[in-house]
Amino acid sequence: INPKKNQPQTHYFTMQTTLNHTPSTVLMVRPAAFGFNAETMLTNKFQNKSEESTDKAKIETIAKQAEQEFDNYVQSLRDKGVQVEVFQDTKEPVKPDAVFPNNWITFHHDGKIITFPM
């Protein structure tokens, strides 16, 4: 409290250190069997069960579209100077939503790897 005016005093501080928490490299998982996942649909509001989720031809078309969108996004990031490490998902066991991580990780200069929940 400012004794002269009985008002709170305001203090301003400036950071002398620049913190860099923006990654220059990202890790992405390229889908191998992208599609509807009945196990996660109850907790994932972005999934909707439709005829497309049971029609074999449509499932394959959607999976191919997801792969193309993934590849386009990787290229877009690279065009902007972001280094992208791509890990290819495996067909078996089937992981229809492998492209969507449920954790995030950081890699540190001392070799430490830390995982965090989303």
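Start by selecting Asn 48, which counts as exposed because its relative accessibility is 58%; here exposed means over 50% relative accessible area, buried under 20%, and partly exposed in between, with a 1.4 Å probe and protein chains only. Asn 48 sits in the loop between strand E1 (25–30) and H1. Now add Ala 38 to the selection: 10 residues separate it from Asn 48 in sequence, and the two C-alpha atoms are 9.4 Å apart in space.

A word on what is on your screen: this is a predicted model, in which local features need pLDDT of at least 70 and side-chain atom pairs count only at pLDDT 80 or more, while totals for chains, interfaces and linings use all residues. Residues are numbered from 1 along each chain as its sequence is written, and side-chain values use heavy atoms, with hydrogens and water left out.

**The whole chain**

Zoom out and colour by secondary structure. You will find 1 helix and 4 strands in the protein chain, running β-α-β-β-β from the N terminus on. Helices (H or I, at least four residues) and strands (E, at least two) are DSSP runs, numbered from the N terminus. Of the 118 residues, 15% count as buried. Contact means heavy atoms within 4.5 Å; among contacts between residues at least 6 apart in sequence, 58% join residues at least 24 apart.

**Along helix H1**

Next, select residues 56–79, which make up helix H1. How far apart are the end C-alpha atoms of H1? They are 35 Å apart, which agrees with the 34 Å that the 24 residues should span at 1.5 Å a residue; the expected span is 1.5 Å times one less than the number of residues.

Show side chains for Ala 63, Ala 66, Glu 67, Phe 70, Val 74 and Leu 77, the buried residues of H1. An α-helix has 3.6 residues a turn, so residues three or four places apart point the same way. What covers the buried residues of H1 includes E1 and E2.

Keep Phe 70, Val 74 and Leu 77 on and add Met 28 and Val 84: these are the 5 residues of the largest nonpolar core. Such a core is a set of buried Ala, Val, Leu, Ile, Met, Phe, Trp, Tyr and Cys residues joined through side-chain atoms within 4.5 Å. H1 gives the most to this core, with 3 residues. Leaving aside residues up to four places away in sequence, Leu 77 touches Val 26, Met 28, Val 82 and Val 84.

Just after H1, click on Gly 81, which takes a positive phi of about 95 degrees.

**Charged side chains**

Return to Glu 67. Which side chain of opposite charge is nearest to Glu 67? Arg 30 is, at 4.0 Å, yet buried Glu 67 has no salt bridge. A salt bridge is a side-chain nitrogen of Lys or Arg within 4 Å of a carboxyl oxygen of Asp or Glu; Lys and Arg count as positive and Asp and Glu as negative, with His and the chain ends not counted. Beyond residues up to four places away in sequence, Glu 67 touches Arg 30, Pro 31 and Ala 32.

The structure holds 2 salt bridges. Arg 30 forms one with Asp 71, the closest N and O atoms being 2.8 Å apart. Arg 30 lies in strand E1 and Asp 71 in helix H1, so this pair ties together parts that are 41 residues apart in sequence. For the other, select Asp 89 and Lys 95, whose side chains meet at 3.0 Å, N to O. Asp 89 counts as buried at 9% relative accessibility, whereas Lys 95 is partly exposed at 27%.

**A cis bond and two ring pairs**

Move to Pro 93, in the loop between strand E2 (83–88) and strand E3 (103–107). The peptide bond from Glu 92 to Pro 93 is cis, with omega near -10 degrees.

Finally, show the aromatic rings: a search of the whole structure finds 2 aromatic pairs. Phe 34 and Phe 100 form a tilted pair, 6.1 Å centre to centre with 55 degrees between the planes. Rings of Phe, Tyr and Trp (its six-membered ring) pair if their centres lie within 6.5 Å; planes under 30 degrees apart count as stacked, over 60 as edge-to-face and the rest as tilted. Phe 34 is in the loop between E1 and H1 and Phe 100 in the loop between E2 and E3, so the pair ties together parts 66 residues apart in sequence. Your last stop is Trp 104 and Phe 116, a stacked pair at 4.2 Å centre to centre and 15 degrees between the planes.
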